[in-house]
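Here's an informal walk through one model, going from helices to sheet to surface. Have the structure open and follow along.

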Amino acid sequence: MESLSFLGQFTRLTLVRLCQQRWLLAGLALLCLVLPLGMGQAVQFLLSQGVDFDGVTLAVTAPAGDETPRLLEQYMGRMEDIAQYCRITAMEESEALKALQNGDITAVLSLPANFIRGVMQGDNPDLRLITRGDQPLESLLLLWVGQGASDILSAFQSGVYAVLDLYEEASPPGLTRDQVVMDINLRYISLALNRSAFFQTHTISVTQTRPVPLHYALTLLAYFALSSAPLFLPIYTGNWLNFQRRLRSLGWGILPGCASGVLAGTCLLFLLLAPSLTLAAGAVSLPLLGAAALMAAYCSLFCAVCCLLSGSAAGCGALSFSLALVWLALAGGIVPPVLLPAGLREAVRLSPVTWLMELTAWPMGYPPVPASWAGLLLSSAGMAGLSLILYRRRTGWQEVSP
């Protein structure tokens, strides 16, 4: 009982020492309240605007007298999925090349003579796609469209050959081979024009399960809490440790001093985090306050380790800021998780910012995965043990008078 009373008094004194940094606390409180929520709304607005893209214009040419370009312009213009980004127009080759040089069109598709007949007979005639060298993105888009069209054509031709093989094995009476070829090609053309019925549209959020504003609000809040280590430097260095050494000489161990620092940091961070989480959730609840307390305790442990490892404001700030920034990037707090490279997406689960974000999102209806709980528990145990070792070393130094 005496130990608990001593720990309570010690924590109160430590908290009073921390609260003497009024301007620093006011600035951190303002950052935690305004920036995460404002940044979340700003990112939501930017991502909802999309990219300014006017589409591409593809001119189709063919030898004189060939009506294929006009037919392609007519039928492909009806395909809504293609019309959203690509406009097809029929032109003479010389006119198309001049328009390409002037920048009026994006590319020229040159068809050989008897293109449709060659496709129907399975000859696969070669095409020429002429693009400008100063428009690489548009050229890649057209290349992707062309590859998709080639895949569709190959699949359709395989179906045509399969039907013709069946016809050769058992020819129905009164049905000629030319009629079979025409009918099956018309059938596949109809399937191509109505291919949107074969697809299902799924909307994928760039932040996966959580809304964009909430994702960025929670990740930035975790980042600010983790990078606030210099705020706690006065209770892990200087005269405060001299006081701890005197207590050790009186028979008190290192546990009350180290625990009081972590508890005081937890109380202070809780007062900073709880209002911000309440604003992000839109309501206050006991589970939300519990998540805020756990987040504050974890960040207080991390700040204690940074302070004890460095011992100076510059070193402590550089260490906590660098680690928190790397963890923020891995958690998708800078670039959305879906847009991260495949290798970095695999490392998202290794970021403490991810663990803290999922912890605080839990009361809002987004349960964390077991890996996040494991990461929080194991890293908390490791930081607690490391802080005790470092605290013992710091308070074990001999006190020297100036």
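Let's start with helix H9, which covers residues 212–226. Its 15 residues reach 21 Å from the first C-alpha to the last, close to the 21 Å expected at 1.5 Å a residue. One thing to keep in mind throughout: this is a predicted model.

Is H9 enclosed or open to the outside? Of its 15 residues, 15 are buried, so the helix is largely enclosed by the rest of the structure.

Helix H16 takes in residues 370–395, and its 26 residues should span 38 Å at 1.5 Å a residue. The end C-alpha atoms sit 37 Å apart, which agrees. Buried residues in H16 include Ser372, Gly375, Leu376, Ser379 and Met383. Further along the helix, Ser387, Leu390, Tyr391, Arg394 and Thr395 are buried too.

Then there's helix H12, residues 286–310, which is home to phenylalanine 302. With a relative accessibility of 5%, phenylalanine 302 counts as buried, because the cut-off for that label is under 20%. Phenylalanine 302 also makes a nice long-range pair with serine 228: they are 74 residues apart in sequence, yet their C-alpha atoms are 9.7 Å apart in space.

On to the sheet. In what order do its strands lie? Four strands form an open sheet, ordered S2-S1-S3-S4, with mixed pairing. Strands S2 (86–90) and S4 (128–131) are the edges, each pairing on one side only. From one strand to the next, the twist averages 25°. As a general point, strands of a sheet pair through backbone hydrogen bonds, either parallel or antiparallel. Here's how the pairs work out:

| Strand pair | Direction | Bridges |
|---|---|---|
| S1 and S2 | parallel | five bridges |
| S1 and S3 | parallel | four bridges |
| S3 and S4 | antiparallel | four bridges |

You can trace the register residue by residue. Valine 56 stands opposite cysteine 86 in S2. Alanine 59 has valine 108 of S3 as its bridge partner, and valine 108 in turn is partnered by isoleucine 130 in S4. Strand S3 itself runs over residues 107–110.

What about cover on strand S1, residues 56–61? S1 is mostly covered, with six of its six residues buried. That goes for both faces: Val56, Leu58 and Val60 are buried on one side, and Thr57, Ala59 and Thr61 on the other.

Now for the charged side chains. How many salt bridges are there? The count comes to one. In that salt bridge, the side chains of arginine 349 and glutamate 358 meet at 2.4 Å, N to O. The two partners are covered to unlike degrees: arginine 349 is partly exposed, with a relative accessible area of 35%, whereas glutamate 358 is buried, at 4%.

Last stop, the surface. Which residues make up the nonpolar patch of about 490 Å²? They are Phe321, Leu325, Ile334, Val335, Val338 and Leu339. Phenylalanine 321 lies in helix H13, which spans residues 313–330. Its relative accessible area is 41%, so phenylalanine 321 is partly exposed. That value also explains why phenylalanine 321 can be part of a patch, because patch residues need over 30% relative accessible area. Compare phenylalanine 302 over in H12, which is buried at 5%.

Technical notes
Residues numbered from 1 in each chain as written. Predicted model: local features only at pLDDT ≥ 70, side-chain atom pairs only at ≥ 80, totals over all residues. Heavy atoms only, no water. Patch = residues over 30% accessible without salt bridge, like charges linked within 9 Å, V, L, I, M, F, W, Y side chains within 5 Å. Areas by Shrake-Rupley, 256 points an atom, 1.4 Å probe, with all protein chains shown as cover. Salt bridge = Lys/Arg side-chain N within 4 Å of Asp/Glu carboxyl O. Helix = DSSP H or I, 4+ residues; strand = E, 2+ residues; numbered from the N terminus. Buried < 20%, exposed > 50% of the residue type's maximum accessible area, 1.4 Å probe, protein only. Expected span 1.5 Å × (residues − 1). Pairing = 2+ DSSP bridges. Axes fitted to C-alpha atoms, helices over the stretch in contact; angles between N-to-C directions.
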